[in-house]
Amino acid sequence: MYSGGDSFHFMNTENFDQLEMTEDDLGDAARWVAPGMKIMAEYFNGRPIGIQLPNAMVCEVVETNPAMKTATKTSSFKPAKLDNGATVNVPEFVQTGEKIR
């Protein structure tokens, strides 16, 4: 559903129960969570301990170096900052504002 501070709030779509997890509970997965995303919660002894993210996501590149004229899809990679704050390596031809999967 949404995040606030260091807490993430989720809703069970079957019974509408709400679940709150902290950034520490989610670990590295916290930076990949987006509003409206469908996830699977992992439970142990009735308490949520983590989540499973979708296999693929679409994110927008918000910052990267300009594309080079000679860039092809087989050339080297460059770092790109995504709309969720994560930094990944993308091919040289990817530009700011494009969406990647």
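Which residues does Glu23 touch, not counting residues up to four places away in sequence? The legends below take up this question first and then move on to other views of this predicted model.

**View 1. Glu23 and its neighbours in helix 1.**
Welcome to the first close-up, which is centred on Glu23, a residue of helix 1 (residues 23-26). Leaving aside residues up to four places away in sequence, Glu23 touches Asp6, Phe8 and Ala30. With a relative accessible area of 41%, Glu23 is partly exposed, because that value falls between the 20% limit for buried and the 50% limit for exposed. Val33 makes a handy landmark here: Glu23 and Val33 are 10 residues apart in sequence, and their C-alpha atoms are 10 Å apart in space.

**View 2. The whole protein chain, for orientation.**
Stepping back for a moment, the protein chain has 1 helix and 9 strands. Read from the N terminus on, its elements follow the order β-β-β-α-β-β-β-β-β-β. The radius of gyration is 17 Å, well over the 13 Å that the globule rule gives for 101 residues, so the protein chain is more spread out than a compact globule. Taken along the principal axes, the box filled by the C-alpha atoms is roughly 55 × 25 × 20 Å. Of the 101 residues in the protein chain, 30% are buried. Among contacts between residues at least 6 apart in sequence, 32% join residues at least 24 apart.

**View 3. The largest nonpolar core.**
In soluble globular proteins, nonpolar side chains tend to be buried together. Here, the largest nonpolar core has 21 residues, and the members that touch the most other members are Phe10, Leu26 and Ile51. Two or more residues of this core come from each of strand 2 (7-11), strand 3 (18-22), strand 6 (59-64) and strand 7 (77-82). Ile51 is a good place to pause: not counting residues up to four places away in sequence, Ile51 touches Met21, Leu26, Ala29, Val33, Ile39, Met40, Ala41 and Glu42.

**View 4. The largest pocket and its lining.**
The largest pocket holds about 490 Å³ of space. Its lining is made of 17 residues, and the closest to the pocket centre are Phe10, Met11, Asn12, Thr13 and Ile39. Strand 2, strand 3 and strand 4 (40-44) are the elements that give two or more residues to this lining. Strand 4 gives the most, with 3 residues. Sorted by class, the lining has 9 nonpolar, 5 polar and 3 charged residues.

**View 5. Phe16, a residue with a positive phi.**
Look next at the loop between strand 2 and strand 3, where Phe16 is found. Most residues other than glycine have a negative phi. Phe16 has a positive phi of about 65°, although it is not a glycine. Is this residue buried or exposed? Phe16 counts as exposed because its relative accessibility is 57%, and exposed means over 50%.

**View 6. His9 and Ala56, with Thr13 as a third marker.**
His9 lies in strand 2, while Ala56 sits in the loop between strand 5 (47-52) and strand 6. His9 counts as buried, since its relative accessibility is 15% and buried means under 20%. Ala56, at 34% relative accessibility, counts as partly exposed. Along the chain, His9 and Ala56 are 47 residues apart, and their C-alpha atoms are separated by 21 Å. Ala56 and Thr13 are 43 residues apart along the chain, with 20 Å between their C-alpha atoms.

**View 7. Pro91 in strand 8.**
The last close-up shows Pro91, which is part of strand 8 (residues 87-91). Which residues does Pro91 touch, not counting residues up to four places away in sequence? They are Ser76, Phe77 and Lys78. Another proline can be picked out in this view: Pro91 and Pro79 are 12 residues apart in sequence and 8.8 Å apart in space, C-alpha to C-alpha.

Conventions
Residues numbered from 1 in each chain as written. Predicted model: local features only at pLDDT ≥ 70, side-chain atom pairs only at ≥ 80, totals over all residues. Heavy atoms only, no water. Helix = DSSP H or I, 4+ residues; strand = E, 2+ residues; numbered from the N terminus. Buried < 20%, exposed > 50% of the residue type's maximum accessible area, 1.4 Å probe, protein only. Contact = heavy atoms within 4.5 Å. Core = buried A, V, L, I, M, F, W, Y, C linked by side-chain atoms within 4.5 Å. 1 Å grid on protein atoms, 1.4 Å probe; cavity = no way out; pocket = protein on both sides within 12 Å on 5 of 7 lines; lining within 4 Å. Points joined across faces, edges and corners; volume = space filled by probe spheres on them. Nonpolar A, V, L, I, M, F, W, Y, C, P; charged D, E, K, R; others polar. Rg over C-alpha atoms; globule rule 2.2 N^0.38 Å.
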